[in-house]
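Let's take a walk through this structure together, one element at a time. Please have the sequence and the 3D view open side by side as you read.

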Amino acid sequence: MKTIIILDYTSGEVDIIHNVPEQKDYDVYVSTTLNYDLDNIHYMVVNSYKQIIPNHFNPEDFQQ
């Protein structure tokens, strides 16, 4: 399982989605299943076992 962390450029909010099944194409999953506009967000995928601490992210965390 994975965790997806999404930075929404329009609102400045960070959404954390836990227990995401392994995907071949996370762009498709984020846009179709989670209904995010890929032009207005940036996201990262991390292993679910990694500790996720909200508000401890910086812009470098979202670099590809």
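How many bridges join strand β1 to β3, and do the two run parallel or antiparallel? Strand β1 covers residues 2-8, and 7 bridges tie it to β3 in an antiparallel arrangement. Keep in mind as we go that this is a predicted model.

Let's look at some of the individual pairs along this ladder. Thr-3 faces Val-46 of β3, and Ile-4 sits opposite Val-45 in that strand. Further along, Leu-7 has His-42 of β3 as its bridge partner.

Now turn to the other neighbour of this strand. β1 and β2 are joined by 5 bridges and also run antiparallel. Here Ile-6 stands opposite Asp-15 in β2. The two strands make a hairpin with 5 residues between them, where Gly-12 adopts a positive phi near 75°.

Put these pairings together and you have the sheet. It is an open one of 3 strands, in the order β2-β1-β3, with antiparallel pairing. β2 (14-20) and β3 are its edge strands, each pairing on one side only. From one strand to the next, the twist averages 20°. As a general reminder, strands of a sheet pair through backbone hydrogen bonds, in either a parallel or an antiparallel fashion.

Stepping back to the whole chain, you can count 1 helix and 3 strands. Their order along the sequence gives the pattern β-β-α-β. Among contacts in the chain with a separation of 6 or more, 50% are between residues 24 or more positions apart.

How covered are the strands? In β1, 6 of the 7 residues are buried, so this strand is largely enclosed by the rest of the structure. Strand β3 (residues 41-47) is mostly covered too, with 5 of its 7 residues buried. For the protein chain as a whole, 30% of the 64 residues count as buried. The accessible surface of the chain comes to about 4,500 Å², and carbon and sulfur atoms account for 46% of that.

The helix is a good next stop. Which residues of α1 are buried? They are Tyr-26, Tyr-29 and Val-30. Looking down the axis of α1, you would find its buried residues within an arc of 95°, so they line one face of the helix. The general geometry is a helpful guide here: an α-helix has 3.6 residues a turn, so residues three or four places apart point the same way. The buried residues of α1 pack against β1, β2 and β3.

That brings us to the interior. The largest nonpolar core has 10 residues: Ile-4, Ile-6, Ile-17, Val-20, Tyr-26, Tyr-29, Val-30, Tyr-36, Ile-41 and Tyr-43. At least two of these residues come from each of β1, β2, α1 (26-33) and β3. The largest share, 3 residues, is supplied by α1.

Tyr-36 deserves a closer look within this core. Which residues does Tyr-36 contact, once its neighbours within four places in sequence are left aside? They are Ile-6, Asp-15, Ile-17, Val-30, Ser-31 and Ile-41. You have met Ile-6 and Asp-15 already, as residues that stand opposite each other in the pairing of β1 with β2.

Let's finish with a few residues that are less covered. Val-14 lies in strand β2. Is Val-14 buried or partly exposed? Its relative accessibility is 36%, so Val-14 counts as partly exposed. The C-alpha atoms of Val-14 and His-42 are separated by 9.7 Å, while the two residues are 28 apart along the chain.

Two asparagines are worth a visit for their backbone angles. Asn-19 has a positive phi of about 60° although it is not a glycine. Asn-19 belongs to strand β2, and with a relative accessibility of 52% it counts as exposed, because the cut-off for that class is over 50%. Asn-35 also has a positive phi, near 60°, and is likewise a residue other than glycine. You will find Asn-35 in the loop between α1 and β3. Asn-35 is exposed, with a relative accessible area of 63%.

Conventions: Residues are numbered from 1 along each chain as its sequence is written. This is a predicted model: local features need pLDDT of at least 70, side-chain atom pairs count only at pLDDT 80 or more; totals for chains, interfaces and linings use all residues. Side-chain values use heavy atoms; hydrogens and water are left out. Buried means under 20% relative accessible area, exposed over 50%, partly exposed in between (1.4 Å probe, protein chains only). Helices (H or I, at least four residues) and strands (E, at least two) are DSSP runs, numbered from the N terminus. Two strands pair if DSSP finds at least two bridges between them. Axes are lines fitted to C-alpha atoms, for helices over the stretch in contact, and angles run from 0 to 180 degrees between N-to-C directions. A nonpolar core is a set of buried Ala, Val, Leu, Ile, Met, Phe, Trp, Tyr and Cys residues joined through side-chain atoms within 4.5 Å. Contact means heavy atoms within 4.5 Å. Accessible areas come from the Shrake-Rupley method with a 1.4 Å probe; for residues, only the protein chains shown count as cover. The arc is that of the directions from the helix axis to the C-beta atoms.
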